[in-house]
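Reader: Before I trust the labels on a structure, I want the reasoning behind them. Can we go through some of them one by one?

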Amino acid sequence: MALALILSAAVLFATCPLGAQTDYFNTDRGRPVRIEDAYPAEWHALELKLAPLRLDRAPGGAYTWGVEPEVAFGVLPRTQVELGAPVSYADRGAGLARRAGLTGLDLSVMHNFNTETLTLPALALRADVLAPVGGLAPDRTSGSFTALLTRTFRPARLHANAEFAVGPRPAVAGSSGADQPEASRWLAGIAADRAFPLRAVLVTLEGYARQPVAAGADVEWNVGAGVRAQWSPRVTVDAGAGRRLTGPAQSWFVTFGTAYAFSIRALVPVPAR
Amino acid sequence: MSASGRTVLGMRRGAACLALVTIGLAVPMLTARAQWSTVHEQFYLPASHNWAFRDRYPSADRMFNAFDYGHAILYEELLRHPGAPPDRLERVQYGFITGRLLVSPPRVPLAEAAIEVDYARLVPEAKAMFDWAHLLHRQIYDVWADDRIPADGKDARVAELLRYYKSRPDLAFSSSPKSMDLMEGAQYSLAFRRRYPKFNGLIWGYHWLQVGLYDALLAGLSPDERQANVTAAVARFWQMLDGAPERMPRLMPMTAAVAPRFAARYPEAAIIFDNLHSMHDVVSDILASADVPPARKRAEILLAARRYRDDSTQVISREEWRGMGDMVGVNNMGGVAVGFLPALPVPTVPVGSTHAEAMERAMSQPAPRPESP
């Protein structure tokens, strides 16, 4: 089924008008892996992340589908705001009711402090707020801060992310947070990527640890890999896969996503003379 | 030790490794001479003409993607292998670019930071200046490739693009013409063209086509004529590569000489592109010159970048700028881009010459008449 969806989406985009930047080199959270680089959307750019899919398969055959359409806007130099509406559908196996719904409304602001130089990595900070909107959302608003770092070496770029939740621990709908498989008290990880610029393709690997939000859960270790490619100047496609190595639900997951970069003339001031 | 104890120990070791890697990535921050750069990217001006050139002239558009590779690999090679034999660029890279890349160019614009890895971190400010000017280049092609925009509408669009370009004074090249002495009169000047004549000729061939295509578009009175002119200009570029470096431009192609229609109609844009192309040569010279030690290269490039952005350093009049091509001879710059003869124009100066030498030569003997169809 996942393959069918991926192929359908690929066919859909193959028929879209193609039209811009080299966005495949600027990775985003979950696109294709969890750990991202320290660069936000360009000033005045809008990035529409269309139908980014994630499928988790837990032991025993329980599936969780996630779709998180997002829009990011380069609101200021080196600063983006992003709004996401994650939707989850959990098939929890024989005898258990299926659950589907919005798992919150995610608003984030990311600011990059500097561009990488020979002596300094690129550094950024992101603040996230997840509002309790939707049937599978947490019972109260939760927030987190993430520090991001990118350093380039000749063979590859390395990215380090460290995320910490702030405020009281929210009670998660569903059992053990299964509806929000990525909700964490803290998360820390590293990704390495290598670009193939003449093909406009980026290959990436990651490893990260996180403390799930559910009470009493152990620290989870995860690994993932993905590919991100520039389909046309405006469209980026990505696909990834990974595995949760520890914890009670050592699941596999696959992701697929597309992003469309554009801008709106009314949002771009041009001096009169 | 119990299984759970081993798991906890493993997690702690993993966490310690993660912390060490993160510290390793961040350690350079602690060095005394850290370079803090806040240069940032900005999206191109959204408009109905966006990507019109790519849609209507895909072959020429794709060549620009290959040109981006040529500039990027040049800077990276010069920076990473300063004392390497010229063959690395003159034979290996030149052969790859002309034999494979230009023949089958990339289908989308390149992420140059993935090619010029060290250069992009040495001077992200200069890289951003080039990127910003290249966006202007491409957007003006789009305006003139969009057949839906009437001629007077095109002028208004180009004027708007110029205002948008100049809204980034930290990135925008000056629209005041600069003396060639800024490019050819420094301690490091000519280092690149003398050591790498073929690759230098290739870069000048790029610049000839980049400005020449404007005249190809402006001179065409119908879409068919514009297609024919663009095809002819691209063919002329290939003709220059045959027998390099002898048949390549011998002096930096100047917009007023190669694309006189464009320079007359949009002098500000033409001057910006001449300053852009001069700065490309200056960066090549700084990176190639042994007189500039590695520790000084960033400072010299940033100094040159400031001089090409300001409206005061070595500024000449527009009349002097327009006359420069006539003085040194457009035949030394690859010739005009529209209405040329089948044979390449005959240059009057040897490979590796300077504008000053060409001027002296022009004053001591009558210049040959520019070609005309």
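**Labels and the values behind them**

Author: Start with two helices of chain B in this predicted model. The axes of H6(B), residues 124–145, and H14(B), residues 267–288, come within 11 Å of each other. They cross at roughly 140°.

Reader: What is the handedness of the crossing of H6(B) and H14(B)?

Author: The crossing is left-handed.

Reader: Which residues of H6(B) and H14(B) meet?

Author: From H6(B) come Ala126(B), Ala133(B), Leu136(B), His137(B) and Ile140(B). They meet Ala269(B), Ile272(B), Phe273(B), Leu276(B) and Val283(B) of H14(B). A pair is in contact when its C-beta atoms lie within 7 Å.

Reader: How many nonpolar, polar and charged residues does this contact of H6(B) with H14(B) have?

Author: It has 9 nonpolar residues, 1 polar residue and no charged ones. His137(B) is in the contact, and a residue that is on neither the nonpolar list nor the charged list, which is Asp, Glu, Lys and Arg, counts as polar.

Reader: Why is Trp51(B) called buried?

Author: Count the neighbours. Trp51(B) has 23 C-beta neighbours inside 10 Å. The cut-off for buried is 20 or more, so Trp51(B) counts as buried.

Reader: What is notable about phi of Trp51(B), and where does the residue lie?

Author: Phi is near 70°, a positive value in a residue other than glycine. Trp51(B) lies in the loop between helix H1 (3–26) and helix H2 (52–56) of chain B.

Reader: Why is Leu190(B) called partly exposed?

Author: Leu190(B) has 19 other C-beta atoms within 10 Å. Buried needs 20 or more, and exposed needs 12 or fewer. The count falls in between, so Leu190(B) is partly exposed. Leu190(B) also has a positive phi, about 75°, although it is not a glycine. Its place is the loop between helix H8 (181–184) and helix H9 (191–195) of chain B.

Reader: Which residues does a cis peptide bond join, and what is omega there?

Author: In chain A, such a bond joins Arg31(A) and Pro32(A), with omega about 5°. Pro32(A) sits in the loop between helix H1 (2–14) and strand S1 (46–57) of chain A. In chain B, a cis bond joins Ala244(B) and Pro245(B), and omega is about 5°. Pro245(B) is in the loop between helix H11 (223–241) and helix H12 (255–258) of chain B.

Reader: How many helices and strands does chain B have?

Author: Chain B has 17 helices and 0 strands. Of its 373 residues, 52% count as buried.

Terms used
Residues are numbered from 1 along each chain as its sequence is written. Chains are lettered from A and ligands numbered from 1 in the order in which they are written. This is a predicted model: local features need pLDDT of at least 70, side-chain atom pairs count only at pLDDT 80 or more; totals for chains, interfaces and linings use all residues. Helices (H or I, at least four residues) and strands (E, at least two) are DSSP runs, numbered from the N terminus. Axes are lines fitted to C-alpha atoms, for helices over the stretch in contact, and angles run from 0 to 180 degrees between N-to-C directions. A crossing is left-handed if the near helix is turned anticlockwise from the far one by less than a right angle, and right-handed if clockwise. Two residues are in contact if their C-beta atoms, placed from the backbone, lie within 7 Å.
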